[in-house]
Amino acid sequence: MPANVLGNGVTVQWYGHACVLITSANTGTEGGKRIMIDPFVQSNPACPKELHDVRDLDLLLITHGHGDHMGDAVTVCKSGKPKKVIAIHEIGEWLATKGVENVSGMNRGGTQEAEGIKVTQTLAIHSSGIGDGADMYPGGEPSGYVLTLENGFRIYHAGDTALFGDMALIGELWTPDLALLPIGDHYTMGPREAARAAQLLGAKWVVPIHWGTFPVLTGTPQQLRAAAGGKFEVLELKPGETLS
Ligand code: NI
Ligand code: MN
């Protein structure tokens with residue numbers, strides 16, 4: 001159903017929860033880059049089994065330290081061999097201690113170019129401890145990302161966050177075409193706040209994420225659509241489905 005909405009060669013496959021695989025438009029001379037955000041794959045109850053073996057990644061991005069976002073990072077790095085792993089400095093250091101290679105730590109407010117993609121790390125209002133067995137390591141601060149693909153198409157992945165007013169600045173500076181926004185409530189924004197976020201961002205299209213995975217996440221795409229009032233388009237995906 002969500003096929004050929006974007007119509008520009010960019011695809012976004014939802015692995016369930018906040019995990020997505022973005023492929024940039026392949027022009028033959030550039031593009032075709034495979035970018036995974038928030039590797040929650042094998043331990044993700046929503047992720048279809050046929051997607052468990054992740055291969056051929058160009059970039060792996062992590063928004064924050066929680067298990068439902070980076071719990072499978074080490075496994076995914078082993079099989080997917082990303083050319084660059086991008087996270088906030090503290091998470092990058094922690095991943096390196098686990099044998100993850102090609103880490104390029106950064107911090108919020110900065111942009112780095114990686115494999116032809118401009119990666120801007122943005123604020124998120126949340127927490128970011130890294131659970132490791134019985135221990136909890138400080139994972140720096142939580143983040144989101146704006147990706148500027150080779151063809152200029154911009155995607156914002158909010159990570160886990162509350163609604164915050166400076167989303168208007170992200171909208172003003174980066175004008176994302178597509179926003180991936182958490183709507184599940186309880187740990188993040190619910191649909192009402194996410195609808196306001198989409199307006200601050202000025203996004204035309206919103207893919208709701210971080211919903212339906214666990215019973216405590218009660219927000220639904222239908223509620224988001226009702227709150228949108230026609231001001232933006234809600235592109236609801238099923239886990240495993242690809243938006244193009
Ligand atoms: Ni979280
Ligand atoms: Mn989460």
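Modeller: Start with a working rule: two strands count as paired if DSSP finds at least two bridges between them. Keep in mind that this is a predicted model.

Colleague: How many bridges join S2 and S3, and in which sense do the strands pair?

Modeller: The general idea comes first. Strands of a sheet pair through backbone hydrogen bonds, and the pairing is either parallel or antiparallel. In this model, S2 and strand S3 (residues 34-37) share four bridges and pair in the antiparallel sense. To see the register, find Leu21, which stands opposite Met36 in S3.

Colleague: How many bridges join strand S1 to S2?

Modeller: Four bridges link strand S1 (residues 11-14) with S2, and the two run antiparallel. Use Trp14 as the marker here: its bridge partner in S2 is Val20. S1 and S2 make a hairpin, with five residues between the strands. Look at Gly16 in that turn, where phi is positive, at about 90°.

Colleague: Which residues of strand S2 lie on one side and which on the other?

Modeller: Again, the general idea. In a regular strand, side chains alternate between the two faces of the sheet. In strand S2 (residues 20-23), Val20 and Ile22 take one side, while Leu21 and Thr23 take the other. All four of these residues are buried, and both faces of the strand are covered.

Colleague: Now the open sheet. In what order do the seven strands run?

Modeller: The order is S7-S8-S11-S12-S13-S14-S15, with mixed pairing. The edges are strand S7 (111-114) and strand S15 (233-234), each of which pairs on one side only. Helix H5 (residues 191-201) packs on this sheet. H5 touches strand S12 (154-157), strand S13 (178-182) and strand S14 (205-209). The directions of H5 and S13 make an angle of about 155°. Back at the edge, S7 joins strand S8 (residues 117-123) through four bridges, and the two run antiparallel. One opposed pair is Thr111 and Thr120, the latter in S8.

Colleague: On to the metals. Which residues coordinate the nickel ion (ligand 1)?

Modeller: Read a site as a list of donor atoms, then check the angles. The nickel ion (ligand 1) has His64 (NE2), His66 (ND1), His126 (NE2) and Asp160 (OD), at 2.2 to 2.3 Å. Angles among these four donor atoms span 89 to 178°, and the site is irregular. The sequence spacing of the donors reads H-x1-H-x59-H-x33-D. His64 sits in the loop between strand S4 (59-61) and helix H1 (67-70), and Asp160 in the loop between S12 and helix H4 (167-174), so this pair ties together parts 96 residues apart in sequence. His64 is buried, at 0% relative accessibility. Asp160 is buried too, at 2%.

Colleague: What are the protein donors of the manganese ion (ligand 2)?

Modeller: They are Asp68 (OD), His69 (NE2), Asp160 (OD) and His210 (NE2), which lie 2.1 to 2.2 Å from the manganese ion (ligand 2). Their sequence pattern is D-H-x90-D-x49-H. Asp160 is in the loop between S12 and H4 and His210 in the loop between S14 and helix H6 (221-228), so these two tie together parts 50 residues apart in sequence. His210 is buried at 2% relative accessibility.

Colleague: Which residue coordinates both the manganese ion (ligand 2) and the nickel ion (ligand 1)?

Modeller: Asp160 does, and the two ions are 3.1 Å apart.

Colleague: How many disulfides does a search of the whole structure find?

Modeller: A disulfide is a covalent bond between the sulfur atoms of two cysteines. The cut-off to apply is 2.5 Å between sulfurs. The search finds zero disulfides. Take Cys47: the closest cysteine sulfur is in Cys19, 6.5 Å away, which is too far for a bond. Cys47 is buried at 6% relative accessibility. Cys77 is in no disulfide either, with the sulfur of Cys19 as its nearest, 12 Å away. Cys77 counts as buried, at 12% relative accessible area.

Colleague: One last residue. Is Glu101 buried or exposed?

Modeller: Glu101 is exposed, with 60% relative accessibility. Find Glu101 in the loop between helix H3 (89-97) and strand S6 (103-106). From Glu101 to Gly71 is 30 residues in sequence and 17 Å in space, C-alpha to C-alpha.

Methods. Residues are numbered from 1 along each chain as its sequence is written. Chains are lettered from A and ligands numbered from 1 in the order in which they are written. This is a predicted model: local features need pLDDT of at least 70, side-chain atom pairs count only at pLDDT 80 or more; totals for chains, interfaces and linings use all residues. Side-chain values use heavy atoms; hydrogens and water are left out. Contact means heavy atoms within 4.5 Å. Axes are lines fitted to C-alpha atoms, for helices over the stretch in contact, and angles run from 0 to 180 degrees between N-to-C directions. Buried means under 20% relative accessible area, exposed over 50%, partly exposed in between (1.4 Å probe, protein chains only). Donors are N, O and S atoms within 2.8 Å of the metal (3.2 Å for Na, K and Ca); water is not among the atoms, so sites may look incomplete. Four donors count as tetrahedral if all angles lie between 85 and 135 degrees; four count as square planar and six as octahedral if opposite donors are over 155 degrees apart and all others between 65 and 115; anything else is irregular.
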